[in-house]
Amino acid sequence: MTTVERALAAALYAESDADLDTGASLLAADPSADAELALRGQELVGRAWERGWQPADVVRMVRRELAEPHVRLAGELVLVQLKRYERLPARWAEQAEGLADAVRGAGEREDRFTRATTVLELYRLLLRLPAIEPVGPVPGTPVHLPPVHGEPKTLTRIRALLAKAEATEFPEEAEALSAKAQELMALHSIDEAVLAAGGHRGDAPGACRIGVDAPYETSKAILLDAVASANHCRAVWNGEFGFSTVVGFEADLEAVELLYTSLLVQGTAAMTRAEAAQRAGGRKRTKTFRQSFLLAYANRLGDLLSATARQVESTASTTLLPVLATRAVAVAGRAEEMFPRTVRTRVRGATDEAGWQDGTTAANRAHHGPGRPRLP
């Protein structure tokens with residue numbers, strides 16, 4: 001039995017620190033075991049792909065359960081594993097690019113025992129990852145994809161508008177930019193439906209995962225659900241693992257990712273400003289204020305986004321309505337197929353009136369530009 005085999009046998013299936021220390025001591029004392037240990041890490045990452053996990057999912061789980069050294073090590077393992085494949089699915093390639101940025105800054109140099117302990121703790125977590133619903137092919141799976149000719153111009157415009165909305169220091173400008181982006185998203189979805197119907201492309205709903213991180217993850221999941229519903233998608237939240245799976249057609253999935261991320265950034269900034277004003281007035285109930293603010297923000301935006309979607313769709317031709325209905329049925333069917341046993345979650349009500357009022361105001365401002373009519 002090799003050093004690595006003895007160390008893993010001692011540490012991976014045990015709960016006590018003593019067993020973990022035993023395994024780490026064996027590895028620390030044998031530098032010749034490093035190459036084999038790294039290969040075992042690659043095997044564990046590969047098994048995670050087979051169980052439905054993607055790169056961002058794995059690293060997110062490590063961040064939730066362990067510490068920053070484990071996150072860097074997980075990122076390194078994932079990137080090395082992904083280099084084995086000649087071509088990656090688009091979402092995997094995007095996630096790999098994000099991981100590369102995250103692991104560039106090397107941490108402090110660790111002694112061999114500390115490093116071995118980090119490795120074993122990470123491997124123990126990877127080994128215990130359960131199977132989850134797959135949301136696309138793993139690298140290396142033969143997939144017949146249509147030729148890619150670059151991002152649609154409308155999506156590029158939406159991305160640019162939301163980036164400006166997040167960057168500006170003027171709330172009125174952010175409101176106008178976000179409102180315009182939301183209109184373009186609804187129109188883009190209709191355009192894609194027309195192209196799919198006219199070209200008989202045989203499109204089918206897909207899925208993606210979007211991280212929903214603490215704190216206040218319930219409110220964030222509600223916001224993501226609102227954005228997904230308004231863009232003809234379904235969102236299913238997995239609180240245990242810190243993500244929601246969004247089911248829909250590809251163009252709509254891209255819109256949901258863009259809009260949710262932007263609205264969360266804008267909502268967090270608005271919450272910080274409102275909280276500062278409350279503190280200036282002598283109030284100190286920060287946690288309840290934030291919870292109530294984000295819950296109101298998510299709920300109000302859900303109403304507003306749905307209303308906007310209905311208004312845009314009301315202008316569509318009568319011949320398009322059956323197409324939209326057919327796509328809605330397809331999305332609902334795909335979501336039911338992936339998640340046949342979903343349950344509803346009870347949400348704790350808001351307890352801070354000022355937070356609720358400020359969150360509702362922020363939602364109204366994020367949705368409507370200056371001078372635009374507001375819904376009751």
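These legends go with a set of close-up views of a predicted model.

**View 1. The whole protein, before zooming in.** This predicted model has 14 helices and three strands. The protein counts 376 residues, and 45% of them are buried. Take the contacts with a separation of 6 or more: 78% of those are between residues 24 or more positions apart. The views below pick out a few places in this fold.

**View 2. Helix H2 against helix H7.** Here we're looking at H2, residues 17-28, and H7, residues 112-127. Their axes come within 8 Å and cross at roughly 125 degrees. An angle from 65 to 115 degrees would count as roughly perpendicular and one over 145 as roughly antiparallel, so H2 and H7 end up oblique to each other. The crossing of this pair, H2 and H7, is right-handed. On the H2 side, the residues that meet H7 are Leu20, Asp21, Gly23, Ala24, Ser25, Leu27 and Ala28. Facing them from H7 are Arg112, Phe113, Ala116, Thr117, Leu120, Glu121 and Arg124. Sort the residues of this H2 and H7 contact by class and you get seven nonpolar, three polar and four charged.

**View 3. Helix H4 against helix H7.** H7 also packs with H4, and here the axes come within 11 Å and cross at roughly 120 degrees. That makes H4 and H7 oblique to each other as well, and their crossing is right-handed. H4 brings Val58, Met61, Val62 and Glu65 to the contact, while H7 brings Leu122, Leu125 and Leu126. The class split for H4 with H7 is six nonpolar, no polar and one charged.

**View 4. Aspartate 57 in helix H4.** Staying in H4, which covers residues 55-65, this view centres on aspartate 57. Is aspartate 57 buried or exposed? Its relative accessibility is 3%, so aspartate 57 counts as buried. Skip the neighbours within four places in sequence, and aspartate 57 is in contact with Gly52, Arg209 and Phe243.

**View 5. Valine 212 in the loop after strand S1.** Valine 212 sits in the loop that links strand S1 (206-211) to helix H10 (217-230). With 1% relative accessibility, valine 212 counts as buried. Which residues is valine 212 in contact with, leaving aside its neighbours within four places in sequence? Glu217, Lys220, Ala221 and Leu224 are among them. The rest of the list for valine 212 is Trp237, Gly242, Phe243, Ser244 and Tyr260. Look at glycine 242 in particular: it is 30 residues away from valine 212 along the chain, yet the two C-alpha atoms are separated by 5.2 Å. Phe243 turns up here as a contact of valine 212, and you've already met Phe243 as a contact of aspartate 57.

**View 6. Threonine 2 and glutamate 36.** Threonine 2 belongs to the segment before helix H1 (3-11). Its relative accessibility is 31%, so threonine 2 counts as partly exposed. What does the side chain of threonine 2 make a polar contact with? The partner is the side chain of glutamate 36, at 3.1 Å. In sequence, threonine 2 and glutamate 36 are 34 residues apart, and in space their C-alpha atoms are 9.3 Å apart.

How values were computed:
Residues numbered from 1 in each chain as written. Predicted model: local features only at pLDDT ≥ 70, side-chain atom pairs only at ≥ 80, totals over all residues. Heavy atoms only, no water. Axes fitted to C-alpha atoms, helices over the stretch in contact; angles between N-to-C directions. Helix = DSSP H or I, 4+ residues; strand = E, 2+ residues; numbered from the N terminus. Parallel < 35°, antiparallel > 145°, perpendicular 65-115°, else oblique. Left-handed = near helix turned anticlockwise from the far one by under 90°. Contact = heavy atoms within 4.5 Å. Nonpolar A, V, L, I, M, F, W, Y, C, P; charged D, E, K, R; others polar. Buried < 20%, exposed > 50% of the residue type's maximum accessible area, 1.4 Å probe, protein only. Polar contact = N/O pair within 3.5 Å; in protein donor to acceptor, adjacent residues only side chain to side chain.
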